[in-house]
Structures are given as structure tokens and as C-alpha cells.
Amino acid sequence: MLYDGTFEGFLSTVFQIFEEKLTNVIIEKEALATETLFDRTETVVTDTQKAQRVWKGLAQRCSGEGRNNIYKAFLSEIFTIENTLLHFIQRTFSEGDIRKSKKIHTDFADPEILKISKVVKMVHREKHRMDAFVRFRLTKDGLYFATVSPDFNVLPLNAKHFKNRYADQKWLIYDTRRKYGIYYDLECVDYISLEVSNTINNASMATYYFTEDEQVFQELWQNYFKSTNIPSRKNLKLHVQHVPKRYWKYLSEKFPDLKK
Amino acid sequence: MNFERIKEKLNILADAAKYDVSCSSSGSKRTNKNKGLGDSSGMGICHSYTEDGRCVSLLKILLTNHCIFDCAYCVTRKSNDIKRAAFKVQEVVDLTIAFYRRNYIEGLFLSSGIFKDADTTMDRLVQVAKKLREEENFNGYIHLKSIPGASDELMREAGLYADRLSVNIEIPSEEGLKLLAPDKKREDFIKPMEKVKNEIIQYKAEKKLIKSTPIYAPAGQSTQMIIGASGETDAEIMYTSAYFYKQFNMKRVYYSGYIPISYDSRLPSIGTEVPMLRENRLYQTDWLLRFYGFDIRELLNKEHPNLDSDIDPKLSYALRNLHLFPVDVNKADKTMLARIPGVGMKSVNKIVHARRFRKLNWGHLKAIGIAMNRAQYFMVCDSRDFERKDRTAAQIKSLILQHSNSKYQNTHNQQLNLFSSVETPMAV
């Protein structure tokens, strides 16, 4: 069964599977699907009401954590994660009981459930990395701007953190891989899709986009980063383990290393 | 702002502050107020890691490295011939805000050399924190050093602006302190700790009655000890540590392997390796005390005054107490599960949940993420092929060491060679 790739679309698909008592289904994103010769394919129309019914039904049979896990694992965009989640949802509707605190999402001896918990951990770690590795630069029109390209689609999870923290400054975090951003206008956070010029991260264009002080603070930060290091304890393996190289391109303190 | 001058100061004063290992930015309850800047109610965040693998969470600087004391272990000691500098209050405020707004840091960790006297120094630290909170409406994390000897009034003010206060006792034993810092006494450190502890208790009690009572140092206090500078045993260090946890409700005690910075004959000479493995073992012990329900006397005592370097302290405990094992994973309570080597607290929780649904076997446990290399000798589960052989502690230890790769292998390479030459015939 194919769906439009949204979370609501996925829940609508789940609804249809329950309604029509389908078995042996493979759920795939429409955009990624490949034609198969022998399987019957069906495209699900996203229906907010149906999605709501599944979501509310889950609330009666599993804890908030269980439901959060579904959403987080979904954001991983990992191939076939939809079917793993379907297994969890089916088990929850047949056995889950919130009053007896029978929490299906804690049955770690079920390989599919364990997989979800591992994926949730990965997604959560990526979310946390974005909380840490976002580096804002101040543009000439007073916007704190950052680009990221996380392994998973985690920006929806980051919105609240940044809103609470930077309540008095306008900011935009842009996901260059998925071509959308979260934007805070001093009132609320919105999802916006826009084209950001490739030159935004070019060092030679920095003075065109960003304030004069911006370069100064980046340099101060790089200096601080160097001074706070203790050379006699050097441990590059640990360093790279904590800050994998794929993130260096966002981290102004690592720019000097990238040039090398 | 004179950029070049600030840059130079930042280099000197960050360099001087880096030996303070505390980097924690968690545990506070300060939320964003009136759409101000910052929030430190969540978990701590490490924004970056230096090349030595330590986390960068706070802007960690000294206000000044001018100091009237001459403690042998300290890089800013009076007699050391180094460049000196001092920040103005406003400069620290501006740097903190500029870094915070760019998401470089969680907040500020401000310490200082003692210039003039304790009160003047403490007053200057408090001024920075006050400005950040009141003028900038800053709700990020602030960690201030309590300066021993500062007045009660200043200490109270400090706790109202800061999230955490700390005093480093630096040398684990009183004799060591006498030798290396003759100007200082243990009581000088204890007094501010006692003070902060009592204020925290008092403010908490008042807050229960009157909701508008301000919070006092919501992230508590911490301290630090230098390891390997003054000849203490691991037992001496950890008993001191346990005492501070208990007596002063410390949130954290940090252990900092001594980095040779001086030719003073009382100290390890320059070029001596930083005792990183030892530091690691001490932290493991600290974790066992705080999260695994161990009592210090079970891990270190007269018979075992030092931790093993080649195996972790929990494994070492288990080998000394083989009569408590094997533990039945499907029946044992949490406390006992937590004592199985190779099983961490996360795994303990997973086991407790998962076994409600079915009996667990080796396959399940392995998938959950237990370090089977160590754990297999200390537990039984719903599988028939458990360890039946009655092995001695020494046999188990060498079996485990044969099948493990320690990142510190080079450090105790000689020991390993000794073992493997003995054990090779058995393995064949």
C-alpha cells in the first residue's frame, strides 16, 4: 500500500488495513515505491479523521511514551519502518491495556519492538545533536540563521526546544536535505519551505549575507575552542566519536580543521 | 569592543580555566521568563567536544588569573611566570550573550584567581551573574565558583543568581593539602560548602510554604579532586568523595587526573603521563555508588585499597563475591541485576520490562545489549547451555581478559602479556 509520506497518511493506511482486515501488507511511501509484477498496489488517500481515530484509539491502549515512540520512529524515514510500526500497532490493539500497565512498547524480547526502541534512540540522539550542533549566524536583517542536514527528519522534534530557549530573537533552522525549515517570528514556530541559495555557506559570501560582527564572534569562538583543549590529553578517537565528521561543516569551531 | 584585546584575554583566561573539569549544564529548573533569553530546565547539552574528547557545554573562563596564592598544583599560582589578564564585568556579559545567542554554549562557568581578597573577588563574580540575570534577562545556566572566605551575604546573593556553586577541594587528603598548598586549610573549603548546603535546604523549605520564594542554586553544588598529585590511594579518594556526597548533598564530585605543569619537586615531573585510566576507574566507582546502589565499603576497603587497572570495579567486586552469583535474570530483583558485570542500568530496566512478557534467554539478552563477554559467567536465564563449570575467580578473569579489547591495552600491556603466556595452552 502506498501513502503520501506524511504521518497522517501513514495512520490513514493503518486505519484502512484494520478496516479491511488486510494481511501481508507492505506499506511504502508513494515517492519511493517501485513497481512490482505480482503484488497488488493500492494508493491510500490521506484522511485526517481516520488518522485521528487511530491516534486516539492508541491513546487508550498505550502510554504517551508508546505513542511518542511511533511518531519518533516514523521520523527516522528508515526503509520498511512502517511495517515494523504496523506490527507494534496491531499488537497494541490486540493486547495492550493501559490500566494493567501492559505496555507493549516495553516487550524488548520481541525483535520488532526492540528494533523500534533502537530506532527511537537513534532518532532521539539525532534530535539532541541538532540541539547541540546548530550554529546560528546573524544575518543583516536580524535573523539568526542555521543550516543542517540531519540523518533523520528531526526538526519537528527540535522546534519546542529552540522556541523555549530563543524566545526573544528571530531564528530559522533550515534542513538542506529535505528543503524546509522551522522559523520563529517571536510569536510562534512555523514550517516554511523555501529555496536557500547554495552560496549561503560560502566563506567568500559571508560579508554579503551576515553582519560584520558575525565573523568576529566566530573567530572568538574558534579561539576559545582551541584554548580550552588540553593537548596532553589528546584523544582524537573520542573526539570524532562525539562529533562525527559529517557534522563538522556546520560547526564554526571546526572550520579551521576542514580547511586542512 | 576591542576585538584583538578580547581575543587575547579569552585565550589566556580560557586556557587557565580548562583544568576545572566540571562541564555539567543539567539539573537546573530555570525556565524562560517573560520571553527572555535562554532556558535551562531541560537536560544538559554538550555543544562541542575538544580534541581531548571533553565536552564543551559552558563558556568556561576565569575572570582573572592574577592570584595571591601559591598552590603548587595550580597553573595560576603566584610564582608561575605566565601572562596575566583580567576581564571587565561587561566583557564577560557580552561574550556570554553573543555565544549563547549563536547556540555555542549552555551558559557560563565563571571562576577566578583571588586578587586582593576573597570578598572583592566574589563580589565581581556575583556582579557578572547579576547583570546577566537582571539586565539581559538571561535564563541560561550559570556556574559560579564560591571563593573560600567570602562573606555570607555575598554567598547568598551568588546562589540566587547562579544555578550551581562549587568549591574545589583539589587535594583529597589533608596531609597532601598541607604539603602542596600551605596557605590553605581544609576548613576553608568546607565552610562555603556547608553554607550553600544549608541555604539550599532553607530556600527549598520556604518555597514549599511561599511559592514566590526565589530558587537558590537549583543545580546544587559540586567539587573536584586532583588525582595522582599527592599520593593518595583510591580508597582514600573515594571515601572522601562518598563523604562529600553524603555530608553536603553534592550533585557531583569530579576527578581530574593531574596534568604536570610545574618542575616543583613535590609533584610528578613534567612529561609524566596523565593518569587517565585511573581517572576512568574512579568515575566508574563513582557511578556504581550513585546509580547502582553500591556501598563504598563493598568496592574499596582495607584489603582492597586500590582499584584494579585491568578490569572494571564491578567485575572486580563480582570476582571477590562469587558466592552471590550466578543471578537468575528472570527472577532477581533490580539491585541484584545491577550487580551483574556487563549489565548497565539501561539493560536492567529493559530486562525488568521484557521479562513480564516471557522468560528471557541468551538470545534476548544479547539483543537487548548486554556485554555477554563479562555477563555470561555471572547469570543464568531460560537457556540450558549456561556456564556449568565451577571456575575460580582467577580463571574467569583471564577468560574475560582474553576475549576483550581494552582501549587502555597499552597501559597494562605487560600484565596482559603475562596472562596470555600462562593462558594460551588452556585456550588451545
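User: Hi! Where does Lys116(B) sit?
Analyst: Lys116(B) is in the loop between strand 4 (107–111) and helix 3 (118–135) of chain B. Helices (H or I, at least four residues) and strands (E, at least two) are DSSP runs, numbered from the N terminus. This is a predicted model, in which local features need pLDDT of at least 70 and side-chain atom pairs pLDDT 80 or more, while totals for chains, interfaces and linings use all residues. Residues are numbered from 1 along each chain as its sequence is written, chains are lettered from A and ligands numbered from 1 in the order in which they are written, and side-chain values use heavy atoms, with hydrogens and water left out.

User: Thanks. What is the phi of Lys116(B), and is the residue buried or exposed?
Analyst: Its phi is positive, about 55°, although Lys116(B) is not a glycine. Most residues other than glycine have a negative phi. Lys116(B) counts as exposed because its relative accessibility is 64%. The classes are buried under 20% relative accessible area, exposed over 50%, and partly exposed in between (1.4 Å probe, protein chains only).

User: What about Thr80(A)?
Analyst: Thr80(A) also has a positive phi, of about 70°, and is not a glycine. You will find Thr80(A) in the loop between helix 3 and helix 4 (81–95) of chain A. With 35% relative accessibility, Thr80(A) counts as partly exposed.

User: And which peptide bond is cis?
Analyst: The bond from Phe325(B) to Pro326(B) is cis, with omega near 0°. Pro326(B) belongs to the loop between helix 10 (313–320) and strand 9 (327–328) of chain B.

User: New topic: how many aromatic pairs are there?
Analyst: There are 34 over all chains. Rings of Phe, Tyr and Trp (its six-membered ring) pair if their centres lie within 6.5 Å; planes under 30 degrees apart count as stacked, over 60 as edge-to-face and the rest as tilted. One of them is Phe7(A) with Tyr71(A), which counts as edge-to-face because the planes are at 65°, with the centres 5.0 Å apart.

User: Which helices does that pair link?
Analyst: Phe7(A) is in helix 1 (residues 7–19) of chain A and Tyr71(A) in helix 3 (residues 64–75) of chain A, so distant parts of the chain, 64 residues apart, are linked. Phe7(A) is buried at 16% relative accessibility, whereas Tyr71(A) is partly exposed at 26%.

User: Which ring pair joins two chains?
Analyst: Look at Tyr166(A) and Tyr100(B): Tyr166(A) lies in the loop between helix 6 (155–165) and strand 5 (171–175) of chain A, and Tyr100(B) in helix 2 (residues 89–101) of chain B, so the pair joins two chains. The pair is tilted, 5.8 Å centre to centre with 55° between the planes. Tyr166(A) is buried at 0% relative accessibility, and Tyr100(B) is buried at 0% too. Both rings belong to a cluster linked by ring pairs, with Phe136(A), Tyr144(A), Phe162(A), Trp171(A), Tyr184(A) and Phe138(B).

User: Which charged residues sit over rings?
Analyst: Lys254(A) lies over the face of Trp248(A), 4.2 Å from the ring centre. In chain B, the charged end of Arg339(B) is over the ring of Phe294(B), 4.1 Å from its centre. The test is NZ of Lys or CZ of Arg within 6 Å of the ring centre and within 35 degrees of the ring normal.

User: Back to Tyr144(A). Which residue in strand 5 of chain A does it stand opposite?
Analyst: Tyr144(A) stands opposite Trp171(A). Strand 4 and strand 5 of chain A run parallel and are joined by 5 bridges. Two strands pair if DSSP finds at least two bridges between them. Strand 3 (residues 137–138) of chain A joins strand 4 by 2 bridges, running antiparallel. Here Phe145(A) is the bridge partner of Arg137(A), and Tyr144(A) that of Leu138(A).

User: What links strands 3 and 4 of chain A?
Analyst: They form a hairpin with 5 residues between them, and Gly142(A) in the turn has a positive phi of about 75°.

User: Is strand 4 of chain A mostly covered or open?
Analyst: Covered: 5 of the 5 residues in strand 4 (residues 144–148) are buried. Tyr144(A), Ala146(A) and Val148(A) point one way, with Phe145(A) and Thr147(A) pointing the other way. In a regular strand the side chains alternate between the two faces of the sheet.

User: What is the strand order in that sheet?
Analyst: In chain A, 5 strands form an open, mixed sheet in the order 3-4-5-6-7. Strand 3 and strand 7 (189–192) are the edge strands, each pairing on one side only.
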